Amino acid sequence: MPSQNGTREKETDVDLNYTAQEEAFRAGMRAWLQANLPDDIRAKVQGHLRLSREDQARWHRILAAQGWSTPQWPVEFGGTGWNATLRHIWDEECGRAGAPRILPFGASMVAPVIMKFGNEAQQQQYLPRIRDCTDWWCQGYSEPGAGSDLASLKTRAELTPDGRFYVVNGQKTWTTLAHFANMIFCLVRTDPEAKPQAGITFLLIDMATPGITLRPILTLDEDHEVNEVFFDNVRVPVENRIGEENRGWTYAKVLLGYERTGIARLGACKRELAFLKRIALREQKDGQPLLHDPVFGAKVAELEIELMALEMTVLRIVSGETAGKGPGPETSMLKIKAVEVQQRLTELMMDAVGPYAQPFDTAYLDGENEHAVTGYDEAAALAAYYLNYRKTSIYGGSDEVQRNIISKMILGL
């Protein structure tokens, strides 16, 4: 790995060994997580149970009190000063420990846009509230006719005659955890005559503004995670616009790069692989552990190899970031491979427990019952977990869109 200060002897050399200082940092983070991650939250994450809003906010506040809720931010905005390598170690240890991921919409998505393109007043108003979880953000991008093709969005924003407000009308959909959020960042069309990528503006909108209506969407796992959001003559102050009018597409592309980099969840994948192996050692086939079955064991081995390859891709990006390079089109490769690994993990978990995954015990998933109806708690959540992870090939830009980016930006096709 690059050294802690990000230097290398040669640009072409990539040392994948951690330094003694980095290993000491890892040991310190592992010990801190063991001592400070609440047991009830850890148990929910490791057991694939559903986290409440308070579960996620409580963990965020614990990290904020330590100064670690936004480690990726520059120091001047309240970041830790850790380089990309240390942040990668921290993310990996959080995943291994069963810590909830800090939701990306505020800390990792809108915050970098506010830092880079927002004015000083916006930075002072919003960034501290993101850092300490005073504000909960959601993302207003996708629409019924504009999912991965965001350039075709139709939600309109028109200036009032006095130039003080935008009046927003339209609909967003698949808006994750909007029912928990008090703020939403939106792409809206301000110039319908411009080319699709032009004429789009980036607005920050208070969810309590009159004219905003939420409608829940229940997904296949019977969870209320996503929503439709309707805007009916919603008045948004002009000072809530990020940057220039009609330049929102430029800002959105920066945000999407950070979103796709965070999708890999390498530490969580390693934790889930260990879970899969434990289950497969417990389950029996023909009188021996399922993991020792040649066919199933080969599937697990193949998945582990894919996870190792994913890690190498992550480390390449980490190396670039440590050297001062921002996320580029290689994040599209990362997104595709991460999705494949995550979905394959959920499939093999289902295969391992067989019929024990079939009963759909929502009361147990929601924490209403202490144990699953089957008595096999570790298996009870796996069907819902499998169904939920079908979404990963769509959000953050569908896999088809990522392949188009790779063909154009990397292969030059």
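**The nonpolar cores and helix α2**

In this predicted model, the largest nonpolar core has 47 residues, among which Trp59, Trp90, Ile130, Trp137, Phe185, Phe202 and Leu204 touch the most other members. A nonpolar core is a set of buried Ala, Val, Leu, Ile, Met, Phe, Trp, Tyr and Cys residues joined through side-chain atoms within 4.5 Å; buried means under 20% relative accessible area (1.4 Å probe, protein chains only). At least two residues of this core come from each of α1 (20-36), α3 (53-66), α4 (84-97), α5 (104-117), α6 (120-131), β4 (183-189), β5 (200-206) and α7 (248-261), where helices (H or I, at least four residues) and strands (E, at least two) are DSSP runs numbered from the N terminus. The most is given by α5, with eight residues. Because domain 1 (20-102) and domain 2 (136-246) both contribute residues, the core lies between them; the domain bounds come from an automatic or database assignment.

Leu204 has contacts (heavy atoms within 4.5 Å) that include Val110, Ile114, Trp137 and Phe185, not counting residues up to four places away in sequence. A second, separate core of 32 residues includes Cys269, Ile279, Val300 and Leu345.

Helix α2 (residues 39-46) has Ile41, Arg42 and Val45 buried. These residues lie on the same side of α2, because they cover an arc of only 100° around the axis, taken from the directions from the helix axis to the C-beta atoms. The buried residues of α2 pack against α1, α3, α4 and α8 (266-282).

Residues are numbered from 1 along each chain as its sequence is written, and side-chain values use heavy atoms, with hydrogens and water left out. Local features need pLDDT of at least 70 and side-chain atom pairs count only at pLDDT 80 or more, whereas totals for chains, interfaces and linings use all residues.

Technical notes: Buried < 20%, exposed > 50% of the residue type's maximum accessible area, 1.4 Å probe, protein only.
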